[in-house]
Amino acid sequence: MNTTEKSIVRDMSLAPSGHLKIDWVKEHMPVLNRIREQFEKEQPFKGLKVAISLHLEAKTAYLAKVVKAGGADVTITGSNPLSTQDDVAAALVEDGITVFAKYNPDPAEYKEHFIKTLETKPDLIIDDGGDLVTILHSERPDLLEQVRGGCEETTTGVIRNRALEKSGELKFPMIAVNDAYCKYLFDNRYGTGQSVWDGINRTTNLVVAGKTVVVIGYGWCGRGVALRAKGLGAKVIVTEIDGIKAIEAYMDGFEVMPMAEAAKHGDYFVTVTGNRDVIRGEHIEVMKDGAILSNAGHFDVEINKPELESLSTSKRVVRKDIEEYVMKDGRKIYLLAEGRLVNLAAGDGHPAEIMDMTFALQAVSLAYVNERYKEIGARVLNVPYELDEQVARLKLEALGLGIDTLTEEQKAYLESWKEE
Ligand SMILES: NC(=O)c1ccc[n+]([C@@H]2O[C@H](COP(=O)([O-])OP(=O)(O)OC[C@H]3O[C@@H](n4cnc5c(N)ncnc54)[C@H](O)[C@@H]3O)[C@@H](O)[C@H]2O)c1
């Protein structure tokens, strides 16, 4: 059976548009291009099957093609029901990759796509949010045996992988790609910072300047979202549960207050905690008429949608990716992209130049775990510093930026405890 027969996508006639999107990002991913050339020569995944679950858009598609160029037989599925782009999925099928993904499948179909991806019996896994790894361990342990190891893309997935490791049940090594410097410093901060506002702005077509933006969670993503909101001219309020991050937000020039208070002031709310119910009924009850709610965390649990629904008398779609909820007192509250991560569900995700570093890390980490899975054993491993540094050096080269090297005297000075 060829990949076209095996794959499940919305519409193969959309492929030409998908190819154009992939070609565009490829032009802006120089580090990944270098790694592709290396993989073509060295064939690190020759004869192996790789299963990928990522937000299926153009940058991810290019990563899948790079892994295939390294000799792998690649199968890919989405990692959120609203982030798959059907044209890109169709293009990948034409490129010889098996795809199980559609935009907005029903929940049973969405789950089925994960299962079908795992039933290809992968040797290696790239996961985003931890669903592939969780389903394997909890529902399909019969498919575990062949898996050598994998890589995890995001904060939420790393948290789930570590919980699995702590319970003693993790069966293969997982590399925490999210925790590499070249990932969270740029992807979580600058990628999320820019793409969240791109998603919100293209969806609402409303002004940000002069408005009040409440950013819930001042982690790596929250820092970026707050920074870019300020750049757009908003007044920014940060809410936190961590004292140190709250002081950091304050010193970065933002107002800090509990959510019960912030809820009264916000025009825009962006949740980015990786936690659940950070906006709930008690907050919605005191919000201003016209408040816009959005989420950038991995799962759609940060805004309590059942409570929003139960406080409202009616709900309708007023514009693509905007639901209007009318409250009992007549206020209107708007929810973007069903509370799913707004930058991917209502946008194209992070800029290509950012994902260049993230996906370069994914590619080299996958080769690393494949080479050393036996010695690493079943645990969650950070990306080795040399790989992080290698990606940074390639990025600097692509940017045409030089940096300095330590002199012998400086090296000796830094290594000595005696020298003056
Ligand atoms: N949208 C995207 O493209 C994208 C990109 C990267 C990561 N993510 C996801 O975004 C989420 C956050 O990632 P991160 O890297 O910023 O994580 P992080 O751990 O650096 O930050 C999360 C922050 O939320 C705070 N927090 C937790 N509960 C809170 C609450 N009830 N109220 C206020 N603050 C609270 C934590 O103290 C922490 O500072 C994760 O789910 C991650 O997977 C999304």
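Let me begin at the ligand: one of its oxygen atoms lies 2.6 Å from a polar side-chain atom of Thr156. Please bear in mind throughout that this is a predicted model.

Thr154 makes a similar approach, with an N or O atom of its side chain 2.6 Å from an oxygen atom of the ligand. On the nitrogen side, an N or O atom in the side chain of Asn275 is 3.1 Å from a nitrogen atom of the ligand. Of the 860 Å² that the ligand exposes when taken alone, the protein buries 87%. In total 29 residues surround the ligand, and the closest are Thr154, Thr155, Thr156, Glu240 and Asn343.

I turn now to the domains. Domain 1 comprises residues 3–183 together with 350–399, while domain 2 covers 191–345. Their centres, taken over C-alpha atoms, are 29 Å apart.

How many residues of each domain are in contact with the other? The answer is 17 from domain 1 and 16 from domain 2. The area buried between the two domains is about 1300 Å², with carbon and sulfur atoms giving 61% of it. Within domain 1, the residues that lose the most area to domain 2 are Leu82, Thr156 and His350, which together account for 40% of what that side buries. Thr156 therefore deserves a second look, colleagues, as a residue that figures both among those closest to the ligand and in this domain interface.

Finally, the polar character of the interface. The rule finds zero salt bridges between domain 1 and domain 2, but four residue pairs in polar contact. On the side of domain 1 that touches domain 2, five residues are nonpolar, eight polar and four charged.

Notes:
Residues numbered from 1 in each chain as written. Predicted model: local features only at pLDDT ≥ 70, side-chain atom pairs only at ≥ 80, totals over all residues. Heavy atoms only, no water. Domains from an automatic or database assignment. Contact = heavy atoms within 4.5 Å. Buried area = accessible area lost by both parts, 1.4 Å probe. Salt bridge = Lys/Arg side-chain N within 4 Å of Asp/Glu carboxyl O. Polar contact = N/O pair within 3.5 Å; in protein donor to acceptor, adjacent residues only side chain to side chain. Nonpolar A, V, L, I, M, F, W, Y, C, P; charged D, E, K, R; others polar. Near = heavy atom within 4 Å. Areas by Shrake-Rupley, 256 points an atom, 1.4 Å probe, with all protein chains shown as cover.
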